[in-house]
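Please examine the sequence and the structure displayed below. The paragraphs that follow lead through selected elements in turn.

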Amino acid sequence: MTESGAQTEQATDVYARVTRHIVDELERQGRLPWGSISALPVNAATGKPYRGVNVLALWVTAARAGYQSPRWGTLRQWNEQGGRIRKGEKSTTVVFWKHLGGDEGERGEDSADAEESRPRFVARGYPVFNAAQVEGSGEELPPEEYSSDGLGRAEAFASSLGADVRTGDGTPFYDKRGDYIRLPGPEHFRDGAARFAVLAHELTHWTGAASRLARDLSGRFGSEAYAMEELVAELGAAFLSATFGVTAEPRSDHARYVGSWLEVLKRDTRAVFAAASKAQAAADWMLAKTHGLAAAA
């Protein structure tokens, strides 16, 4: 087998493995599986947040296993920090993209860039372990719950985007033709975190307008484009909520989309990578537009 053939085989295996991991949990729960997650997963060695589909893959494992720590690392990274993986612990695969043009540097977890330009990159899978699987990880206490400060920053971020958000009764939605968001008043939500999660979902839809990111999924997903746009919006909301440390429950009205999501993901092992890439791009665009309001106070 040629080197390029081996790379293609490895990349295909990585896409299939990560997709299977996500599909299994989606089938098991019948909904997106991160109801108790309030933080982005971070690399234990560098402190940098994981991105794109890696966030989703690590959240799936954390939700299933009940991990409270957001810190993940490879066997080598934990060993270098004096930690030791407990016997029998299973790893979770994350994906890095390596440039095919001779650049030896890793592209890292930035699926928002790599998946969009995938002919120039090859996917490489790496096994990582959560701090809860490591003896001597240096983390004995779970991370703190989101604070009112985090929620305040989240609300300031949303306000500073300049979207036309109108208060009204009924189901929240983004009106593409009128370019506005309708959101029920605060009294219709369990708490401020729940309200922000819904607003972040609609704001992710809002980024797809032609005057912003011009997101059009019909070319790739055809008749399932609407359902996949809902997946992008839900991932975007989850990424934004976790950026501010705000716990976001997946929307209950998305149960009707699960069948479509599963059908697409089973047919196309790159579909969830593409959806996560679009969601990451939307979150990045909004955070850049607000000039770092997501930074911790």
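Gly66 takes a positive phi of about 75°, in a position just after helix 2. The model in which this backbone angle occurs is a predicted one. Helix 2 itself covers residues 53–65, a run of 13 residues. From the first C-alpha to the last, helix 2 reaches 19 Å, which is close to the 18 Å expected at 1.5 Å a residue.

How many of the residues of helix 2 are buried? The count is 10 of the 13, so helix 2 is largely enclosed by the rest of the structure. A residue counts as buried here when its relative accessible area is under 20%. The buried residues are Val53, Asn54, Val55, Leu56, Ala57, Leu58, Trp59, Val60, Thr61 and Ala62. In general, an α-helix has 3.6 residues a turn, so residues three or four places apart point the same way.

Leu56, one of the buried residues of helix 2, also belongs to the lining of the largest cavity. The other residues lining this cavity are Ile22, Leu26, Leu32, Pro33, Trp34, Leu231, Leu265 and Val272. The space in the largest cavity amounts to about 60 Å³, and the structure holds 2 cavities of 30 Å³ or more.

Two positive phi values belong to residues other than glycine, and each can be placed in a loop. Ala214 has a positive phi of about 50° although it is not a glycine, and it lies in the loop between helix 6 and helix 7 (218–221). With 45% relative accessibility, Ala214 counts as partly exposed. Asp179 has a phi near 55°, likewise positive in a residue other than glycine. Asp179 is found in the loop between strand 8 and strand 9, and at 27% relative accessibility this aspartate counts as partly exposed.

The loop that holds Asp179 leads to the strands on either side of it. Strand 8 and strand 9 form a hairpin with 4 residues between them. Their pairing is antiparallel and extends over 3 bridges, with strand 9 made up of residues 180–183. Within this pairing, Asp175 has Tyr180 of strand 9 as its bridge partner.

Strand 9 also pairs with strand 7: the two run parallel and are joined by 3 bridges. Here Thr167 stands opposite Leu183 of strand 9. These strands make up an open sheet of 3 strands in the order 7-9-8, with mixed pairing. Strand 7 (165–167) and strand 8 (173–175) are its edge strands, each pairing on one side only. From one strand to the next, the twist averages 30°. Helix 6 (residues 192–207) packs on this sheet and touches strand 7, strand 8 and strand 9. The direction of helix 6 makes about 160° with that of strand 9.

Strand 8 and helix 6 recur in the description of the largest pocket. Which elements each supply at least two residues of its lining? They are strand 8, helix 6, helix 8 (225–243) and helix 9 (255–267). Helix 8 contributes the largest share, with 4 residues. The pocket has a volume of about 460 Å³ and is lined by 23 residues. Of these, Tyr174, His205, Tyr226, Glu229 and Glu230 lie nearest its centre.

A further set of strand pairings centres on strand 5. This strand comprises residues 121–130, and 7 of its 10 residues are buried, so strand 5 is largely enclosed by the rest of the structure. Strand 4 (residues 92–99) pairs with strand 5 in the antiparallel sense over 8 bridges. In that pairing, the bridge partner of His99 is Phe121 of strand 5. Strand 2 (residues 71–73) is likewise antiparallel to strand 5, with 2 bridges between them. Trp72 stands opposite Asn130 of strand 5.

Conventions
Residues are numbered from 1 along each chain as its sequence is written. This is a predicted model: local features need pLDDT of at least 70, side-chain atom pairs count only at pLDDT 80 or more; totals for chains, interfaces and linings use all residues. Side-chain values use heavy atoms; hydrogens and water are left out. Two strands pair if DSSP finds at least two bridges between them. Axes are lines fitted to C-alpha atoms, for helices over the stretch in contact, and angles run from 0 to 180 degrees between N-to-C directions. Contact means heavy atoms within 4.5 Å. The expected span of a helix is 1.5 Å times one less than its number of residues. Buried means under 20% relative accessible area, exposed over 50%, partly exposed in between (1.4 Å probe, protein chains only). On a 1 Å grid over the protein atoms alone, a cavity is a set of points where a 1.4 Å probe fits but cannot get out, and a pocket is an open set with protein on both sides within 12 Å along at least five of seven lines; lining residues have an atom within 4 Å of a point. Grid points are joined across faces, edges and corners, and a volume is the space filled by probe spheres set on the points.
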